[in-house]
Amino acid sequence: MPMRRVCAPTREPVTVALAGVEFGWGSSGKLGAVLSALRQGPCDALEFVGLGSGLGRPLLAEHAVDAWYDLPASAEGLRAAVTEIVRVRRVRAALVVLDGRLAKALEAAGVPTVFVDSLPFLWTEGDRPSLPLDASCYCAQQCIELPPECTGILASVRSLRWVEAVVATAPDTRPGRYGTRPWHRALVSLGGLRAPGLADWTAYPHLVVPAALRALAAHGVREAHLAGNLPDDLLVRLLAGAPASLRVTAGALPHEAFLAELAAADVLLASPGLTTLLEAGTLAVPAVCLPPQNLSQIFNARFHCRAVGVDVRTPWPAEVFQEDEALALRAKGEEHALELIYGGIAGAAARAGTPLRAELAGAVGAALERAGEVVDWGALATAVGTGGAAQVAGALLEILRRGSAR
């Protein structure tokens with residue numbers, strides 16, 4: 001069992017609430033990175049309680065979280081539950097990644113909250129009501145480009161602090177064969193997959209996994225691990241048609257185990273979550289983007305390709321959806337773009353036949369081929385920095401110190 005780092009064992013522990021949005025696994029990875037940073041630096045005796053975050057709890061099993069609390073879905077129920085947890089557990093501060101509604105509820109309950117926004121480039125005026133613009137500390141993660149429609153939102157933040165990428169320190173266990181071709185070992189990462197409003201989250205892996213495995217085998221890869229939030233019965237179906245030349249293992253990985261697997265891989269095929277791309281960049285692992293699952297992943301893949309200087313994206317066929325149309329819809333709010341994206345993927349999965357699957361496999365293969373032109377796979381991580389976990393941890397400790405001084 002992981003040990004909680006206690007810097008002043010004679011003092012009564014200070015309770016901090018943790019939460020990450022129920023959307024993929026990136027928020028849990030960031031929570032884990034900040035908890036690791038808190039363990040490594042000077043700190044008070046801290047006790048952590050988790051709120052919601054059911055999707056990401058398994059990824060945080062390596063960290064000492066004293067208890068987890070499920071939360072009601074309704075706004076009124078959420079506020080009441082948060083107020084009671086804060087009272088009973090004597091919560092002094094909170095760290096929340098991307099869950100604006102919960103951050104607002106915590107602040108309303110009198111808990112100063114550090115809100116981590118890893119997607120500041122995504123928001124438009126349609127998203128304003130969902131963002132905790134009055135959070136005690138709003139940590140926005142540096143990005144390659146900030147579209148003009150985001151500037152008004154961020155200008156409204158009461159306590160804005162720009163931080164570098166919030167990523168964990170990955171183990172540097174890269175084998176000596178790095179950089180050689182053909183690649184032999186691959187990691188295929190699908191992330192958390194499930195998201196609010198997504199009726200059938202199995203559509204994406206049904207379309208993408210067979211194409212990815214087929215493309216890897218064609219490029220000489222002999223071993224691959226498929227990581228993601230996939231139940232055993234679905235894994236069996238997905239792997240049944242894997243190429244005979246490719247030995248595939250599969251299963252979800254806790255965060256530190258994922259980083260170790262990533263460090264040992266020759267190439268990563270990733271549903272383009274930003275945290276995953278940045279973690280690959282810290283190790284300079286070649287990272288090819290699978291088709292995007294949602295709106296933010298369109299931006300993430302484009303930022304990654306701009307940084308490395310080569311288009312290593314896998315585009316969806318036009319019959320699924322067109323990225324520019326999704327980007328245009330976001331002016332009305334993220335949910336409008338997601339409706340197009342989710343609907344397109346679900347429709348394609350329902351009618352998927354040999355031509356569509358072959359087209360996807362060919363697109364993945366073409367991106368793998370173009371990846372040979374990349375010189376610096378760490379360019380995205382270098383551009384935005386990788387010290388954000390320590391910076392967010394510092395912001396949290398500042399809030400705790402101010403509270404203890406009163």
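## A pair of strands at the sheet's edge

In this predicted model, Gly50 stands opposite Trp68, a residue of strand 3. Strand 2, which covers residues 46–51, pairs with strand 3 in the parallel sense, and three bridges join the two.

## The sheet as a whole

In general, the strands of a sheet pair through backbone hydrogen bonds, and the pairing can be either parallel or antiparallel. Here seven strands form an open sheet in the order 3-2-1-4-5-6-7, with parallel pairing. Its edge strands are strand 3 (67–69) and strand 7 (160–163), each of which pairs on one side only. If direction is ignored, neighbouring strands of this sheet are turned against each other by 25 degrees on average.

Helix 3, made of residues 100–108, lies across strand 1 (14–20), strand 2, strand 4 (91–97) and strand 5 (113–117), and the helix runs at about 165 degrees to strand 5.

## The second largest cavity

The structure holds four cavities of 30 Å³ or more, and the second largest of them has a volume of about 90 Å³. Its lining consists of Leu193, Leu198, Asp200, Trp201, Ala203, Tyr204, Gln293, Tyr342, Ile345 and Ala346. By residue type, this lining divides into eight nonpolar residues, one polar residue and one charged residue.

Helix 5 (203–218) and helix 11 (334–351) each supply at least two residues of the lining of this second largest cavity, and the largest share, three residues, comes from helix 11.

Terms used
Residues are numbered from 1 along each chain as its sequence is written. This is a predicted model: local features need pLDDT of at least 70, side-chain atom pairs count only at pLDDT 80 or more; totals for chains, interfaces and linings use all residues. Side-chain values use heavy atoms; hydrogens and water are left out. On a 1 Å grid over the protein atoms alone, a cavity is a set of points where a 1.4 Å probe fits but cannot get out, and a pocket is an open set with protein on both sides within 12 Å along at least five of seven lines; lining residues have an atom within 4 Å of a point. Grid points are joined across faces, edges and corners, and a volume is the space filled by probe spheres set on the points. Helices (H or I, at least four residues) and strands (E, at least two) are DSSP runs, numbered from the N terminus. Ala, Val, Leu, Ile, Met, Phe, Trp, Tyr, Cys and Pro count as nonpolar, Asp, Glu, Lys and Arg as charged, and the others, Gly among them, as polar. Two strands pair if DSSP finds at least two bridges between them. Axes are lines fitted to C-alpha atoms, for helices over the stretch in contact, and angles run from 0 to 180 degrees between N-to-C directions. Contact means heavy atoms within 4.5 Å.
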